[in-house]
Amino acid sequence: MFDRYEAGERAILVHINFSDESSREDLHELQMLASSAGVSAVDVITGSRRAPHAKFFVGSGKAEEIANAVSATDADVVIFNHALSPSQERNLESVCKCRVLDRTSLILDIFAQRARTHEGKLQVELAQLKHISTRLVRGWTHLERQKGGIGLRGPGETQLETDRRLLRERIKTITRRLQKVQKQREQGRRARVRNEVPTVSLVGYTNAGKSTLFNAITQAGVYAADQLFATLDPTLRKIELQEVGPVILADTVGFIRHLPHDLVAAFKATLQETQSADLLLHVVDYSDDKYKENIDQVNEVLDEIGAGDVPQLVICNKIDRLDGIAPKIDRDEEDKPIRVWVSAQENSGLELLKEALTSCLANNMVQYQLRIPPQQGKLRGALFGLNCIMSESYADNGDWLVDVKMPAKDWQRLVKRAESDLTSYLVQMH
């Protein structure tokens with residue numbers, strides 16, 4: 001049912017430059033995506049347009065040029081570096097006489113090849129089903145009408161309607177399963193909060209070196225390769241930091257320009273590790289000329305998944321490819337680390353990274369002793385809900401004496417929501 005590649009398939013890549021900056025894609029990125037999918041590019045066709053053509057996306061002359069290139073190179077598939085509508089795909093296929101895929105289908109295929117865990121496979125299938133549901137007509141044009149005749153009169157449902165119904169049912173089933181997985185992850189997160197274990201999540205543009213860095217810090221042996229989307233399934237490992245204690249490090253899927261919305265939605269469960277993290281390590285490939293655009297793109301997706309407010313520490317990776325740059329920590333006016341320059345491949349700068357992590361996480365936790373009067377039962381309930389109570393006792397007058405330790409962001413949230421002034425209950429501060 002899905003457009004799946006077989007290794008060694010021959011493809012023609014099509015890249016169009018638009019005058020509008022927001023619609024532009026990167027040709028080198030398309031070549032890397034094709035390579036990651038196991039496709040060999042036999043030809044690259046480029047062009048320029050002000051806006052996409054309604055029928056073919058490219059002009060009719062360019063469509064003929066692509067068709068001629070397909071017959072000349074004996075290509076199996078044409079891959080566009082842009083999002084195509086279902087009708088544009090159909091029209092191009094009728095001209096080129098071969099399969100035509102857009103950027104979204106290509107990314108989905110790579111995801112399908114890379115998913116290893118049960119959850120990862122479910123998320124990919126959900127994204128594929130949502131994408132393919134708009135393209136069903138293509139496969140069933142000969143069955144759009146009901147067949148007549150003895151033995152062929154059915155319940156009044158065309159083949160197309162049957163397929164749509166089956167797709168809807170499968171999407172509902174997968175969504176239910178993913179919600180179950182989401183609850184299980186939530187329980188794991190609650191246990192970590194209860195044990196006061198901070199979570200640090202690695203984020204960044206695809207192929208920035210997150211998994212290589214993850215392996216260098218944790219010795220986890222996670223699959224890492226110089227290709228796009230080498231990591232799909234989230235991996236969690238525990239590391240020990242001086243002054244902080246145990247910390248959970250999470251490796252997550254990489255982001256990419258114009259990541260399909262279905263994909264972002266499907267990977268919400270995975271990306272929840274990012275939302276609930278105490279700190280994000282934003283890994284940036286500083287040897288890439290477009291690193292600034294990549295940073296903006298990652299921040300855009302973080303905002304989209306509700307993780308835009310989580311504190312970030314930028315990791316400037318791959319400094320071994322740059323001249324005259326040594327491992328170092330950049331700090332702000334308050335002496336707080338904001339950037340760490342490392343090379344995960346060469347294992348250089350990792351001690352500085354751990355030093356910066358310790359500094360950030362130690363600042364992220366607050367520890368207070370509170371004296372709460374008996375009538376503040378609601379506040380007491382809120383503290384129990386945050387699982388932040390270290391010890392408790394009662395004063396002679398019935399006041400509740402409690403030692404709490406929690407992330408600074410949780411304390412700030414509590415202060416804002418509290419009906420009374422929380423600072424008036426402070427006994428001592430650590």
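Is serine 48 buried or exposed? In this predicted model, serine 48 counts as exposed because its relative accessibility is 60%, and exposure begins over 50%. The legends below start from an overview and then turn to individual regions, returning to this residue in the third view.

**Figure 1. Overview of the predicted chain.** The chain contains 14 helices and 15 strands. Of its 430 residues, 49% are buried. Among contacts with a separation of 6 or more, 69% join residues that stand 24 or more positions apart.

**Figure 2. The open sheet of four strands.** The strands are arranged in the order β2-β1-β3-β4, and their pairing is parallel. β2 (39-49) and β4 (99-101) form the edges, each of them pairing on one side only. Direction ignored, neighbouring strands of this sheet are turned by 20° against each other on average. Four bridges join β1 and β3 in the parallel sense. Valine 14 has phenylalanine 80 of β3 standing opposite.

**Figure 3. Surroundings of serine 48 in strand β2.** Strand β2 holds serine 48, a residue that counts as exposed at 60% relative accessibility. Leaving aside residues up to four places away in sequence, serine 48 touches Ile16 and Asn17. Asparagine 17 and serine 48 are 31 residues apart in sequence, yet their C-alpha atoms are 4.6 Å apart in space.

**Figure 4. Helix α2 and its two sides.** Helix α2 spans residues 60-73, which makes 14 residues, and reaches 20 Å from its first C-alpha to its last, close to the 20 Å expected at 1.5 Å a residue. Ala63, Ile66, Ala67, Ala69, Val70 and Thr73 are the buried residues of α2. Seen down the helix axis, these buried residues fall within an arc of 160°, and therefore line one face of α2. An α-helix has 3.6 residues a turn, so residues three or four places apart point the same way. The cover over the buried residues of α2 includes β1, β2, β3 and α3 (86-96). Ser71 and Ala72, on the other side of α2, are exposed. Just after the helix, aspartate 74 adopts a positive phi of about 60°.

**Figure 5. The largest nonpolar core.** This core has 30 residues, of which Ile79, Leu106 and Leu302 touch the most other members. Two or more residues come from each of β1 (9-18), α1 (27-36), β3 (77-80), α4 (103-114) and α11. Helix α4 supplies the largest share of the core, five residues. Another core, of 27 residues, lies apart from this one, and among its members are Leu249, Ile315, Leu357 and Cys360.

**Figure 6. The open sheet of seven strands.** The order of the strands is β6-β7-β5-β8-β9-β11-β10, with mixed pairing. At the edges are β6 (235-241) and β10 (328-331), each pairing on one side only. From one strand to the next, the twist averages 25°. Strand β5 (residues 199-204) pairs with strand β7 (residues 245-251) in the parallel sense over four bridges. Leucine 202 has aspartate 251, in β7, as its bridge partner. Helix α8 (residues 210-218) lies across β5, β6, β7, β8 (279-285) and β9 (312-317), and runs at about 155° to β7. Helix α11 also packs on the sheet, where it touches β5, β8 and β9, and its direction makes about 150° with that of β8.

**Figure 7. Helix α11, with its buried and exposed residues.** Helix α11 (residues 291-304) has 14 residues; from first C-alpha to last it reaches 20 Å, close to the 20 Å expected at 1.5 Å a residue. The buried residues of α11 are Asn294, Ile295, Gln297, Val298, Val301 and Leu302. Down the axis of α11, the buried residues fall within an arc of 165°, so one face of the helix is lined by them. Leu302 is also one of the residues that touch the most other members of the largest nonpolar core. On the other side of α11, the exposed residues are Lys292, Asp296, Glu300 and Asp303. Glycine 306, just after α11, takes a positive phi of about 80°.

Note on methods:
Residues numbered from 1 in each chain as written. Predicted model: local features only at pLDDT ≥ 70, side-chain atom pairs only at ≥ 80, totals over all residues. Heavy atoms only, no water. Expected span 1.5 Å × (residues − 1). Buried < 20%, exposed > 50% of the residue type's maximum accessible area, 1.4 Å probe, protein only. Arc of directions from axis to C-beta. Pairing = 2+ DSSP bridges. Axes fitted to C-alpha atoms, helices over the stretch in contact; angles between N-to-C directions. Contact = heavy atoms within 4.5 Å. Core = buried A, V, L, I, M, F, W, Y, C linked by side-chain atoms within 4.5 Å.
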